[in-house]
Structure formats: structure tokens, C-alpha cells
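Hi,

Here is the structure I promised to pass on. Have a look at it first, and then read on for what turned up.

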Amino acid sequence: MAAAANGTLGQEPSQHVGVFAPNCIEFIETVLALSDAGSPVVTLSGRLNRAELTEICNDACVKVLFVHQDCAHVAQGAAFATVERLVVFGPEYEALLNNGPGQPYRPVAGEWDIFSIPFTSGTTGRPKGVLLPHRARALLFYAMAVEYGCFGPEDSFLALAPLAHGAGLAFAVAPIFFGGTCELLATFDAAQVVQRLRDGRFTGVFMVPTHLHAIFSLPAEFLAEHRDIALKSLICNAAPLPQKVKERIVEQWGPHLLHETYGSTEVGIACNIRPADQLRKRSCVGLAFPNCAVELRDPDGREVAANEIGELYTNSPFLFSGYWKQGRAVPPPLQRGWFSAGDLARKDGEGFIHIVDRKSDMVISGGINIYPRQIEEVLYRHPQVAEVAVVGVADEKWGERLRAYIVPRGAGRPDAESIIAFCRADLSGYKVPRDIVFVDELPKNATGKILKRRLREA
């Protein structure tokens, strides 16, 4: 696990190449080709604006930037400090491929060499480049193949999450790694995805909760007509999946296919709850992933007892090698070889992990620790709540008080007092939000994570 000792932090900045595009064949093609060439790839979301693109490229020391046609206007004219060449997908890109040497020299990539540098979603601050070595990705793919059962040579995967992010790229490349096929969707359309899953071509799909919220907002008649799908696995990750949505998935498509995983860009995958346990274990992310160790620790670094809340630490061969920040590689912030993404959890008597909340999202009101995720789970059961985020806001008396931002379901808007009464039926008084704010949408990053930092700042 001590990646720095194996040479991963010695990458030359001049070797960094970036790919700036939405989901497309060229994105995968370029990433895999650069991997063969031994060059780390900085993967950049096609939704970045010019300032965001410039900041990341300058930080990552990108020298050559491959750009999708639809993004070219953003990249052209940007004040890059290190980018020396833009290559636009289309005629310029095809000409570059056709004019290459007939017998290219392919350096052998070492297992600790960097495969890709995705930038974190920035939910709690500025995005950071995450150094992912070839070894971590390859070993993660083998564990995924065993756990999910949909990455064999006869399998076909539907990829709709952004390729620029760690999970989106991993789930798209894994089937190819084992000789299967992957079909990319450039944009997400809920009805189209449901129809495609029903036609029987695909054995696996990866979604984030935002995708599933959109699917279950489709008309009931449409969903009733599309109950039968031939998937082996539906895998969900990137943000907490409310228990109510899990129940809808089981009701819609049966109890045999849903996996919810827990992980991060730095960790890969740390836990997975399998289909058989989805309804038996509420608000749970399952057991440790194959070859992964999980510990819950108190602030002094000691492991906590069963059913006590602690910070979740992970140790596995899937861990990242460090961060790329301000033009250089820095070692990973490990605690005796273990990494924490800042999540609080408890482990029940059977060893199943229940995520309580992010440490940074915990609210302290009147000296009492409150975990917004518990409140959100209750609110998701309200029939007029489509999406919700609970945050702490400053309060002179209590230090912080709870505010719930709610996206209503359907055309009507529920009454704030009825929402509060609904919470009181299931929550202690100090956990009931004092403020209810109705919004048309919640701020999110490209992977569907709700940006609570923006809500708190607002």
C-alpha cells in the first residue's frame, strides 16, 4: 500500500495529457491508448467552464489536451500555462492517428505507474487530482468481476455516468478489460435508459441516485410497462441511495439485481451490499469489498465497538498513490497505511456497515451531534418529496439549527408545517428541521452528489 515507495510520485509533469470531453468513443480510445503509451491521463468533464478547465489544466501540468468538438470553444483561447497543443476530435484527431508510426514503440507501464488522474468532485473544497496507479485499477476490476458477476467476455454493459470521474470510467472500462462490450450514452434520458434496459442487450448498468430519482419520476403507466429487464446487476454509487429508492427498485425490477457500493475516488470501492440484503439491512452499504479491510475509529484512532459511531478507514490494494496539487505529486494522507474519506459509520453485530453521514456534514445544535442523513431518509418517505438535503445554518441560541431544502414531487408544493409534522412522527424534537425551503433543484456536481457546501454558503 505504500505507493510512494514504489515510484508513483516521480511522474514528470511534461508527460501529462488531458482529455476534455463528454462521454464518447474517443474518450475511451484516448485513455486506453495513452495507457499503452505509459502516459498518465488527466480526465476532464465536458461540463467544465473555461475558468475551471484552465485552473485544473494548469494545476495538473497538462501539455497536450484532447478536446471534443462540442467543447472546443471552451478550450480555445483559454489562458493555459502548460498546454502546448490542442487536438480536437474529428478530422484533426483522425489525421493524427493515421499519420502515426507503423511500428510504435510501447514502453512497458509499471504496476505502480499512474494510469489516470481524475479530479475529485470538490464537494467540500477545491478539486484535487487523484493519482490512480495501474495496479489499483486492475485489481479493482478483478474484485468487481467477482462481486457483480456482469463483467465476463459474454457480458454487455450500459455506461451512462461521466467518464471523467473515477467510477464512471472504471465501470465503462471494466467490461472491456475482460473482453466484454460497453455501450456509452452521451446524455442521460430516463425513459430511453429504461427502454434500453428492457430490450435484453445488457447484463449490467451503473447508475448514481440522481438517475434513479429521474427514472422513478416517470409516469406510473410507463414504469408498469417496463418491469421486465434481463440485467444481472444494477450497481449504484457516488451518493447515498435512500432506503425508499431501494424499495422502489426491488418493487420495480425484483430482488435479484441491486448492489449499492460505498467508496471514493481515492479508495475505489470499500463496501458493497448485495441484493439479498437490501431490504433486510436498512440504510446499509454492506460488507467490506473483496481484498478490502474496513475499520471504524474514534478521534484518538482506536477502533470503536459494534453499533458505535466512528470514522471509516480503508486499507486495500485499490488505494490511490497520492494527490497532484499545484504542479507536483504529494503523498496520500494515510493514518498508519489507512485512508479516510471523512465519513462516519457504525458496524452492526453481523459486520455490516451503515454510513451515518459525512463528518463535514454533521450538525452540532445545542451541543448535540445530529446526522442529517437520518433526517433525509425520513423525508424521502414523504410522498411529495422528490429530493432533499438537510444542512446546519448558524443560530444565535443553539449554535446551529437544521434547514431542509426540498425539491417537491409533482406539480403541487407541500405545506412546510405538514413536512415538520411528518418529521415529528419519526424523529426526536431536536432532529426536526426548523426551516423548510422549497427549491426547483439542488446544486450537484457531475456525478450527482449534492453540494451541501453551496447550500450552507447560501
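Before the sheet, one bit of vocabulary: two strands count as paired if DSSP finds at least two bridges between them. With that in hand, take G263, whose bridge partner in β12 is I269. Please keep in mind that this is a predicted model.

The G263 bridge belongs to the pairing of strand β11 (residues 258-264) with β12, which is antiparallel and has five bridges. A hairpin of three residues makes the connection from β11 to β12. On to the next neighbour: β12 and β13 run antiparallel too, joined by two bridges, and here N272 sits opposite L287 of β13.

Zooming out, these strands are part of an open sheet of seven, in the order β8-β7-β9-β10-β11-β12-β13, and the pairing is mixed. Which strands stand at the edges? They are β8 (181-184) and β13 (287-288); each has a single partner strand, so one side of each has no neighbour in the sheet. For a parallel pair, go to β9 (residues 204-207) and β10 (residues 233-236), which are held by four bridges. There, G204 has S233 in β10 as its bridge partner. As general background, strands of a sheet pair through backbone hydrogen bonds, in either a parallel or an antiparallel way.

How buried is β12? Six of its six residues are buried, so the strand is largely enclosed by the rest of the structure.

Now the helices. Helix α6 (residues 166-177) lies across β7 (156-159), β8, β9, β10 and β12 (268-273), and runs at about 140° to β8. Helix α6 also packs with helix α1 (residues 25-36): the angle is about 75° and the axes are 12 Å apart. That angle makes α1 roughly perpendicular to α6. From α1, the residues involved are I28, V31 and L32, and they meet L169, A172, V173 and I176 of α6. By type, the contact consists of seven nonpolar residues, with no polar and no charged ones.

One last residue to click on is T314, in strand β15 (residues 310-315). Is T314 buried or exposed? Its relative accessibility is 1%, so T314 counts as buried, the cut-off for that being under 20%. Leaving aside residues up to four places away in sequence, T314 touches V267, A270, C292, A293, L319, G337, W338 and F339.

Cheers

How values were computed:
Residues are numbered from 1 along each chain as its sequence is written. This is a predicted model: local features need pLDDT of at least 70, side-chain atom pairs count only at pLDDT 80 or more; totals for chains, interfaces and linings use all residues. Side-chain values use heavy atoms; hydrogens and water are left out. Contact means heavy atoms within 4.5 Å. Axes are lines fitted to C-alpha atoms, for helices over the stretch in contact, and angles run from 0 to 180 degrees between N-to-C directions. Buried means under 20% relative accessible area, exposed over 50%, partly exposed in between (1.4 Å probe, protein chains only). Angles under 35 degrees count as roughly parallel, over 145 as roughly antiparallel, 65 to 115 as roughly perpendicular and the rest as oblique. Ala, Val, Leu, Ile, Met, Phe, Trp, Tyr, Cys and Pro count as nonpolar, Asp, Glu, Lys and Arg as charged, and the others, Gly among them, as polar.
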